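Visitor: I would like to learn how to read this model, from a single chain up to the way the copies pair. Where should we begin?

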Number of protein chains: 2
Amino acid sequence: MSDFWTQMPEMAARLDAVRARMRLVVSGARFPLSHAVVSLIDANGKMLRPAFMLLAGGFGRRRNVDLTGLAAAIELLHIATLIHDDVIDASPTRRGAPTLHTAYGAKDAVLAGDWLFSRCFALAAQSSSPGNATLLASLISALCSEEIHQDLERFAWPTSERNYLRKIAGKTAALFSLSLRAGAVEAGASPSVVATLTRVGYDVGMAFQIMDDVLDYESTEGELRKPVGNDVREGLCTLPLILALEAGAPGLRPLLGPAAPNDDSVAAIVAAVRDSGALSSAKARAATYTDRAMRELASLPRGRAREDLHAIVGRLLTRTF
Amino acid sequence: MSDFWTQMPEMAARLDAVRARMRLVVSGARFPLSHAVVSLIDANGKMLRPAFMLLAGGFGRRRNVDLTGLAAAIELLHIATLIHDDVIDASPTRRGAPTLHTAYGAKDAVLAGDWLFSRCFALAAQSSSPGNATLLASLISALCSEEIHQDLERFAWPTSERNYLRKIAGKTAALFSLSLRAGAVEAGASPSVVATLTRVGYDVGMAFQIMDDVLDYESTEGELRKPVGNDVREGLCTLPLILALEAGAPGLRPLLGPAAPNDDSVAAIVAAVRDSGALSSAKARAATYTDRAMRELASLPRGRAREDLHAIVGRLLTRTF
């Protein structure tokens, strides 16, 4: 379990219950690769999406509603996408352990992801209203579609900030937003609280993704466990690069070609983006979303649920500044 | 459209409506590979699963229930698995056209399959009772799990007839069974009719799959558009081979090794299976399921729905003998 929750033992315990449910879903039936998927569940990170869902449940009238099943479904979907990501990227390891793809081949890894997808949808259909099950399925399809768009745009270096914002809105922001919304709906929160939480999720997701994209230009390898400049290496044009290009960072444009840049080019691109002041500008954009999220949070009914959500959003969005 | 339905113009028209709904699902949203998935829908075969679902709807009290959405969902799931199958097998073409995998690469093909999976589940959740949405999702996970089992058993040549029957029960039979069951449930058929149709679907599926496996040893290349002995080439041990081994077909066992047999070995295996009388034995097993399906059909309420279902089951299971 991530250290993220040590200061909130109750949430840590509830997330343990979600994780236990996830293991149960995966271990049941006659699924031959259960142990491998269970390892992925055990190595899983902060579990932010289920945590947001559980927190949103605290705003409802039905305080005792059990959101464990739906929270497990949303996090298992995340695991399913990780399995397919590893096949797609042919990654040999994930968090130090061999990927399913490495251990069992691409065929069984694709099938294991498909298996998990359908288990999740079954769980979501069982554990929630048809509206939320539909919403969850629609969101996943939107995420896949967005990933394909992104893949088709690789190394084309599109420079529209608006296009970038739309992409992350359909990805991270939509997922955070859905987690809060679904939790609130299932717990019977009022329509205005549901609407506010939906907006909070959107704003938190936008800020979170922008900061994540900034970190790729800022962190040293140890912190993120991935090389700096990973996005540009993969041909992805994120906000820091877009803002640096807009600011006319000298020598930057010619470094961006139609194929993966070599290590020297990546270093030069990262340096040019850093020197351009684009990271501060991007952080300012993130801060705008964070501020809005905080204002919206302040308009929610007072109480434990609001305090907890406030604390987590604060820690999440200030992790490096 | 397949020629299969030319003698049943009403069903052909209803399946056209299902196909139109499938196209609509795929064309909506902002999905970048719609055209490629639409081509797969256009090239699609008999659409047996949606046809069975629509036919089962005729046994319900709610004669006007619209099963188009659920029927489209079940057939789109089939298309999603085809897309992933082509990635897994690295197939260059399907029905003469380049596969998604060939045209856009493995990454976008995996994502396109995932996209379609989640669109289907959203459609199923919208178009049916939560019970049927859950059933559909559970069935898909069972199919994936079965495929993995099958993959792990390749070239191990397990000789248990019982094991074989269990596998096809969880695969083809479960899918046919679900199609009939879900159609009947949505249309408000009585519990006893639902139970009978569920059994009919199971028996038809068992007979259909056994005959399919027999055909792989029987057909010439032209008929099936795939080489004879395809299963054994891929290391799959189907009923004809199991029965031939049980019958002690001379010289057969030593031909079955831990890797893909060459063309000569395949020809020798196919000949040994044919000479052993295993094909007649396998057909007798299929006939047992067919007979049972026909008896069960005869116990259903008289009328147009029963006549149509009877006609289709008859044509399907007697396609080559």
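## Reading the chain and its contacts

Guide: Begin with burial, and keep in mind that this is a predicted model. A residue is called buried if 20 or more other C-beta atoms lie within 10 Å of its own. Of the 321 residues of chain A, 50% count as buried.

Visitor: What radius of gyration does chain A have, and what would a compact globule of 321 residues have?

Guide: The value for chain A is 20 Å, which agrees with the figure near 20 Å for a compact globule of that length. Along its principal axes, the C-alpha trace spans about 60 × 50 × 35 Å.

Visitor: How many helices and strands does chain A have?

Guide: There are 14 helices and two strands in chain A. Sequence separation adds to this picture: of the contacts in chain A between residues at least 6 apart in sequence, 72% join residues at least 24 apart.

Visitor: Which domains does the assignment give for chain A?

Guide: Domain 1 covers 1-127 and domain 2 covers 155-321. Their C-alpha centres in chain A are 23 Å apart. Where they meet, 18 residues of domain 1 of chain A contact 21 residues of domain 2 of chain A.

Visitor: Which element gives the most to the domain 1 side of that contact in chain A?

Guide: That is α3(A), with eight residues. Both α3 (48-57) and α4 (68-89) of chain A supply at least two residues to this side. By class, the domain 1 side that touches domain 2 in chain A has 12 nonpolar, three polar and three charged residues.

Visitor: Now the pair. How many residues does each chain bring to the contact between chain A and chain B?

Guide: Chain B brings 37 residues and chain A brings 37 residues. On the side of chain B that touches chain A, α4 (68-89), α5 (100-127) and α6 (130-152) of chain B each supply at least two residues. The most comes from α5(B), with 15 residues. This side of chain B divides into 22 nonpolar, eight polar and seven charged residues.

Visitor: What turn and shift lay chain B on chain A?

Guide: To read symmetry, look at the turn, the shift along the axis and the fit together. Here a turn of 180° with a shift of 0.0 Å along the axis lays chain B on chain A with an RMSD of 0.0 Å. That is the relation of a two-fold axis.

Visitor: What share of the contact residues of chain B recur in chain A?

Guide: The share is 100%, and the same surface serves both copies.

How values were computed: Residues are numbered from 1 along each chain as its sequence is written. Chains are lettered from A and ligands numbered from 1 in the order in which they are written. This is a predicted model: local features need pLDDT of at least 70, side-chain atom pairs count only at pLDDT 80 or more; totals for chains, interfaces and linings use all residues. Two residues are in contact if their C-beta atoms, placed from the backbone, lie within 7 Å. Helices (H or I, at least four residues) and strands (E, at least two) are DSSP runs, numbered from the N terminus. Ala, Val, Leu, Ile, Met, Phe, Trp, Tyr, Cys and Pro count as nonpolar, Asp, Glu, Lys and Arg as charged, and the others, Gly among them, as polar. Domain bounds come from an automatic or database domain assignment. Copies are superposed by least squares on the C-alpha atoms of residues with pLDDT of at least 70 in both. The radius of gyration is taken over C-alpha atoms; the globule rule is 2.2 Å times the number of residues to the power 0.38. A residue is buried if 20 or more other C-beta atoms lie within 10 Å of its own, exposed if 12 or fewer, and partly exposed in between; C-beta atoms are placed from the backbone.
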